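Subject: Structure handover

Hello,

Here is the structure we talked about. Please open it alongside this note; my findings follow below.

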2 protein chains.
Amino acid sequence: MSALGRHVLAEVYGCEFEILNDLKKVEEIMVNAALEAGAEVREYVFHKFSPQGVSGVVVISESHLAIHTWPELGYAAIDVFTCGESVNPWDACNYLVEKFKAGHMTATEVKRGIMEGLQKEAVNL
Amino acid sequence: MSALGRHVLAEVYGCEFEILNDLKKVEEIMVNAALEAGAEVREYVFHKFSPQGVSGVVVISESHLAIHTWPELGYAAIDVFTCGESVNPWDACNYLVEKFKAGHMTATEVKRGIMEGLQKEAVNL
């Protein structure tokens, strides 16, 4: 089964309010997570909400990283989506958990772009 | 079981090369999908790859939409992540499938930020 991408959906709990509510800090951690995993950063945007919370996305050559934080709950929803063989999304996840000082994380990897049809066509040639 | 967000992961197949490879067209469709679903658009960034492909993200007050296209395969990986009650991510998905002229789509909704611990605490009060 051939897939174009690997997408890790991570639920990160038990983080410090101050980190999750600091736009510059969240941005720095997310960009560095991409670099740490060996990704090439293309663009990024982050937004601070009132009274609290940060949302942001890092577009990488290999797909994207995204985060939404609920500082009042110590929670962040994080996505790390990579394609190709050069970047392992779990490297970015492990870095994020450490830097956000998470109490615990639950995460799932989903395969994206499963090209079963293409494989069958190739076999039929 | 209380969740903070709804995240639809959509695999969109059978799209036209010309649409999936047109940065401005992809950007327009993604931003309009957010608006069509009643979301508030905060920021967006899109990037065109060589020789083909577009990646981009729309940050909305209610979370984000993301897309990565493989025009040569007629395929796009699309995410629609919303929180709150006011926006239904499937409204955005349906709009996207129509505008990308998709042959077919497979999609899954994942609940994000399941706050079981908080619920239990609330019950124990």
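I start with A:His68, which sits in strand β4 of chain A, residues 63-70. Please keep in mind that this is a predicted model.

**A:His68 and the annotated site**

A:His68 has a relative accessible area of 2%, so the residue is buried. Its side chain makes a polar contact of 2.7 Å with the side chain of A:Ser55. Leaving aside residues up to four places away in sequence, A:His68 touches A:Val54, A:Ser55, A:Tyr75, A:Ala76 and A:Ala77 in chain A. Across in chain B, A:His68 touches B:Ser63, B:His64 and B:Phe81.

Why look here? An unreviewed UniProt entry lists A:Ser63, A:His68 and A:Cys83 under "active site". That label comes from the record.

A:Cys83 belongs to strand β5 of chain A, residues 75-83. Its relative accessibility is 17%; the cut-off for buried is under 20%, so A:Cys83 counts as buried. With residues up to four places away in sequence left out, A:Cys83 touches A:Leu4, A:Gly5, A:Glu62 and A:Ser63, plus B:Trp70 from the other chain. Note that A:Ser63, a contact of A:Cys83, is also on the UniProt list.

**The interface**

How much area do chain A and chain B bury between them? About 2800 Å², with 69% of it on carbon and sulfur atoms. Chain A gives 35 residues to the contact, and chain B gives 35.

The polar side of the interface comes next. There are 20 residue pairs in polar contact between chain A and chain B, counting pairs with both residues at pLDDT 80 or more. On the chain A side, β1 (3-13), β2 (41-48), β3 (54-60), β4, β5 and β6 each supply at least two of the residues that touch chain B. Salt bridges between the two chains number 4. One joins the side chains of B:Arg112 and A:Glu11, at 2.5 Å from N to O.

In chain A, Arg112 is worth a look too. A:Arg112 lies in strand β6, residues 104-114. Its relative accessible area is 0%, so A:Arg112 is buried. Not counting residues up to four places away in sequence, the chain A contacts of A:Arg112 are A:Ala3, A:Leu4, A:Gly5, A:His7 and A:Phe81. From chain B, A:Arg112 touches B:Leu9, B:Ala10, B:Glu11, B:Tyr75, B:Ala77, B:Ile78 and B:Asp79.

**Aromatic pairs**

How many aromatic pairs does a search of the whole structure find? The search gives 6 over all chains. One of them is B:Tyr13 with B:Tyr75, a tilted pair at 5.2 Å centre to centre and 40° between the planes. The pair links distant parts of chain B: B:Tyr13 is in strand β1 (residues 3-13), B:Tyr75 is in strand β5 (residues 75-83), and 62 residues separate them. B:Tyr13 is buried at 13% relative accessibility. B:Tyr75 is buried as well, at 1%.

B:Tyr44 and B:Phe46 also pair. Their ring centres are 6.4 Å apart and their planes meet at 65°, so this pair is edge-to-face. B:Tyr44 is partly exposed, with a relative accessible area of 40%, whereas B:Phe46 is buried at 8%.

In chain A, A:Tyr13, A:Trp70 and A:Tyr75 make up one aromatic cluster. A:Tyr75 has come up before, as a contact of A:His68.

Over to you.

Best wishes

How values were computed. Residues numbered from 1 in each chain as written. Chains lettered and ligands numbered in written order. Predicted model: local features only at pLDDT ≥ 70, side-chain atom pairs only at ≥ 80, totals over all residues. Heavy atoms only, no water. Helix = DSSP H or I, 4+ residues; strand = E, 2+ residues; numbered from the N terminus. Buried < 20%, exposed > 50% of the residue type's maximum accessible area, 1.4 Å probe, protein only. Contact = heavy atoms within 4.5 Å. Phe/Tyr/Trp six-rings, centres within 6.5 Å; stacked < 30°, edge-to-face > 60°. UniProt positions renumbered as here; feature names shortened; annotations may be inferred. Polar contact = N/O pair within 3.5 Å; in protein donor to acceptor, adjacent residues only side chain to side chain. Buried area = accessible area lost by both parts, 1.4 Å probe.
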